[in-house]
Amino acid sequence: MWARCLVGGGASELGLRASGRRLLRALGAGCAGKRQASSGDWRVCWSEVREERTEQECVDGTDLPSNQSSLEWEAKRHTGLTVIMLTNTTQQVPAKKTPLFDFHREHGGKMVEFAGWSMPVQYKDSHIASHMHTRERCSIFDVSHMLQSKVHGRDRVKFMESLVVADIAELKDNQGTLSLFTTEKGGIIDDLIVTRTDQGYLYVVSNAGCADKDSAHMKARLAEFKAAGFDVDLEFLDAALIAVQGPSMARVLQEGLKEDLAKLTFMTSTVATVFGVPGCRVTRCGYTGEDGVEISVPQSRVVELTEKLLANGEVKLAGLGARDSLRLEAGLCLYGNDIDETTTPVEATLVWTIGKRRRQNKDFPGADVIVPQIKAKTARKRVGLVSSGPPVRQHTPILSPDGKVIGEVTSGCPSPCLKKNVAMGYVDAAFAKNGTAIQVEVRKKAVAATVSKMPFVPTNYYSG
């Protein structure tokens with residue numbers, strides 16, 4: 001069953017109703033994030049508002065329960081963005097709220113449902129203004145919806161290495177690494193950051209949209225380890241998490257720290273008192289390509305800390321819209337779009353996340369599939385794409401010069417910094433070399449594009 005919805009920049013609000021027993025989802029909407037609820041009844045996407053009216057197609061997807069008879073499409077106009085929500089009119093899962101929910105509303109945050117949470121997609125500034133402010137100065141992002149956990153016990157490293165591809169044992173105290181949970185078939189369950197602290201535990205942060213899946217996966221392995229007599233335990237945290245990102249971050253944050261930030265390099269971490277708030281874990285990392293930190297802070301003090309950071313004129317609040325375009329310019333994957341359980345680390349060009357010792361020993365989940373791929377190569381590969389003209393969105397077909405379908409776009413948007421379209425997607429390996437001329441099919445027309453090296457915008461991670 002097909003339905004059509006017109007989403008344009010002219011109307012402030014538009015509602016359409018589609019009836020039937022199938023869940024409709026937006027195709028070509030450039031989903032920066034999406035999650036299917038446990039009942040399979042909603043998704044959320046957002047796309048750039050164009051000056052002209054834009055026709056988007058909706059295709060049937062997941063079965064609804066038998067008692068569901070109608071669905072409602074809503075498109076709510078925000079500055080620079082349209083938020084498209086598909087909701088079941090008779091049954092809806094309440095969105096969870098971060099400790100900053102009321103704070104966002106008070107500061108003009110436009111709230112949307114994302115990964116089961118009510119999150120700000122943007123504030124009073126436009127999406128592009130917020131994006132550029134992060135590149136030029138400093139922004140705060142609420143990432144409290146992310147899953148934070150600690151792994152305790154003598155066998156914590158062995159436990160974590162039974163789940164991920166990284167060499168956790170080689171990490172120094174307070175050093176972290178990006179890693180991947182993988183299946184025995186080589187697919188990616190989620191991406192995560194693991195930090196080996198000097199306080200006797202591993203600190204782990206993984207994606208909000210995979211929180212239920214990740215926690216269940218870790219608990220199942222924990223039960224196996226405990227049954228085998230290993231000393232390991234798992235703790236899920238209820239702390240808030242904020243990301244402070246941008247070139248002026250260090251200058252802003254240093255005012256509230258006794259510790260010298262110059263000694264905290266990319267992917268290292270420390271526990272500190274930040275602007276008078278004790279017990280904060282400060283990790284130098286982020287999802288924008290800029291110098292930045294993520295600060296895990298007690299829920300009861302996160303509003304206080306955020307207000308103190310905002311007291312500096314360099315700092316503004318930023319939402320999910322800017323976070324998505326920033327990460328795409330930096331060539332960073334979004335789980336569910338660019339990587340999932342159908343993609344391997346080799347196909348996703350994430351081989352660098354696999355520790356050398358782990359490759360040699362082939363002792364991580366899916367190693368028998370993944371390690372041979374490293375030498376033998378794969379039939380497809382994740383690549384960057386640049387083009388001009390109409391924006392390139394998720395699910396856009398990628399074509400060879402003679403018009404043959406050779407792949408599909410997984411993420412795409414107009415780049416505020418480069419003033420052209422950037423995207424990533426998977427293509428047949430023969431077309432994966434940087435500089436290769438290809439095409440993308442936008443609105444039934446072939447548009448010239450070029451395979452490009454990522455990141456599209458140079459990263460500014462602090463190495464000391």
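A residue counts as buried when its relative accessible area is under 20%, and that cut-off will be useful at several stops of this tour, which runs through a predicted model.

Begin by selecting Glu294, a residue covered by the annotation "binding site" in an unreviewed UniProt entry. Glutamate 294 lies in strand S20, which spans residues 292-297, and because its relative accessible area is 11%, it is classed as buried. Now display what surrounds this side of the strand: leaving aside neighbours within four places in sequence, glutamate 294 is in contact with Leu241, Ile242, Ala243, Arg281, Val282, Thr283, Cys285 and Gly286.

Keep Ala243 in view, as it leads to the next stop. Alanine 243 belongs to S17, where it stands opposite phenylalanine 141, and S17 (residues 240-245) is joined to S11 by 4 bridges, the two strands running antiparallel.

Select S11 next, residues 138-142, where 5 of the 5 residues are buried, so that the strand is largely enclosed by the rest of the structure. In a regular strand the side chains alternate between the two faces of the sheet. Here Cys138, Ile140 and Asp142 are buried on one side, while Ser139 and Phe141 are buried on the other, so both faces of S11 are covered. Then add strand S21 (residues 315-317), which runs parallel to S11 and is joined to it by 3 bridges; within this pairing, serine 139 stands opposite lysine 316.

Finally, compare two cysteines: cysteine 138 is buried, at 0% relative accessibility, whereas cysteine 417 is partly exposed, with a relative accessible area of 26%. A search of the whole structure for disulfides finds 0.

Key. Residues are numbered from 1 along each chain as its sequence is written. This is a predicted model: local features need pLDDT of at least 70, side-chain atom pairs count only at pLDDT 80 or more; totals for chains, interfaces and linings use all residues. Side-chain values use heavy atoms; hydrogens and water are left out. UniProt positions are given in the numbering used here, feature names are shortened, and annotations may be inferred rather than shown by experiment. Buried means under 20% relative accessible area, exposed over 50%, partly exposed in between (1.4 Å probe, protein chains only). Contact means heavy atoms within 4.5 Å. A disulfide is a pair of cysteine sulfur atoms within 2.5 Å. Two strands pair if DSSP finds at least two bridges between them.
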